[in-house]
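What follows is a walk through one protein structure, starting at a single residue and widening from there. Keep the sequence and the model in view while reading.

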Amino acid sequence: MPIIDVHAHVGHWPFHLTSGDADANLRQMDRYGIDLQLVSASEAVVLDAVAGNAALHKALATRPRLLGYAVVNPNRVEESAADLRRCLDTGRFVGAKIHTTYPGRLPGSPEMAAAFDVVAEAGVPLLLHTWGTEVTLLPELVEARPGLRVILGHAGGDAWREAAHAAAACDRLYLEHCRTATDAGRVAYAREAGVPVERMLFGTDATLIDPCVSLGVIRDARFTDDELERVLWRNAAGLFGLSL
């Protein structure tokens, strides 16, 4: 069965001894049978969005199994808006990524609202780092922007219950459950809260986290064969307009 990983990274992290070589992503993909991987540059997330996005574009140019998220910095919205357009014009980027911790901006802040406007105007899916109860603000923020579709990266982290209810309340919010702590029952809770399987996606946080962790979460969720196919690749293919 094909697999599309919607949450991965290329590059070094200041707190983790992982390879910065994009070929490390490909080696992991081969090991676990992942066909396509959507990646952001760790440099863009942590240090410099524009420079990191440019470096990622070079890595993507010769690796067709990797597709890019252009990182948008809510503290430099005008600069990021122009950079997002440049990245999308290359044909190698298919979405945007916004972190909350590194720029120090949470949903509900004016800076994040402006960043959401930029992504909504671009018309591409947004992978948003979510970790905390601010996820409860997302249904209203997304509903106010008709062009915005948001993947809740880490499915809210420690606020996975709140994230489940937020996603159930808005049909343009998607859940992606990768994280280091594999709390039991997260997927089942989301389904009971009313999140349809059509808005659940597979992500790994590779190469920061080995994909085996997320694959174990998916295994334990006890999806039917049809549901598993949706989560592992069909939902992502539809959301991003991808073909395998």
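In this predicted model, T100 is a buried residue, because its relative accessible area is 4% and the cut-off for burial is under 20%. T100 sits in the loop that runs between β4 (93-98) and α5 (110-122). What is T100 in contact with, leaving aside its neighbours within four places in sequence? The contacts of T100 are R105, L106, P107, M112, L128 and H129.

From this one position the view can be widened to the chain as a whole. The protein chain holds 10 helices and eight strands. Its C-alpha atoms fill a box of roughly 40 × 40 × 35 Å along the principal axes. The radius of gyration of the chain is 16 Å, which agrees with a compact globule, since 244 residues packed in that way would give a value near 18 Å. Of the 244 residues, 57% are buried. Contacts can also be sorted by distance along the sequence. Among those between residues at least 6 apart, 75% join residues at least 24 apart.

The outside of the chain comes next. The protein chain exposes about 10200 Å², and carbon and sulfur atoms supply 51% of that area. As for charge, there are 23 positive and 31 negative side chains. The centres of these two sets lie 2 Å apart.

Some of these charged side chains are paired. How many salt bridges does a search of the whole structure find? The search finds 14. One of them joins D21 and R63, with the closest N and O atoms 3.9 Å apart. D21 lies in the loop between β1 (4-10) and α1 (22-32), and R63 lies in the loop between α3 (49-61) and β3 (66-71), so the pair ties together parts that are 42 residues apart in sequence. The two partners differ in burial class: D21 has 34% relative accessibility and counts as partly exposed, whereas R63, at 16%, counts as buried.

A second salt bridge joins R179 and D183, and here the closest N and O atoms are 2.9 Å apart. R179 counts as buried because its relative accessibility is 8%. D183 has a relative accessibility of 32%, so D183 counts as partly exposed.

A third salt bridge is formed by E198 and R230, whose closest N and O atoms are 4.0 Å apart. This pair links distant parts of the chain: E198 is in the loop between α8 and β8 (200-201), while R230 is in helix α10, 32 residues apart. Both partners are partly exposed, E198 at 38% relative accessibility and R230 with a relative accessible area of 27%. Salt bridges can also share partners, and in this way D21, D23 and R63 are joined into one network.

Helix α10 also appears in the packing around helix α9, which spans residues 212-220. Which residues of α9 are buried? They are S214, G216, V217 and I218. The buried residues of α9 pack against two helices, α8 (186-193) and α10 (225-240). Just after α9 comes R222, which takes a positive phi of about 60°.

Methods
Residues numbered from 1 in each chain as written. Predicted model: local features only at pLDDT ≥ 70, side-chain atom pairs only at ≥ 80, totals over all residues. Heavy atoms only, no water. Helix = DSSP H or I, 4+ residues; strand = E, 2+ residues; numbered from the N terminus. Rg over C-alpha atoms; globule rule 2.2 N^0.38 Å. Buried < 20%, exposed > 50% of the residue type's maximum accessible area, 1.4 Å probe, protein only. Contact = heavy atoms within 4.5 Å. Areas by Shrake-Rupley, 256 points an atom, 1.4 Å probe, with all protein chains shown as cover. Lys, Arg positive; Asp, Glu negative; His and termini not counted. Charge placed at Lys NZ, Arg CZ, Asp CG, Glu CD.
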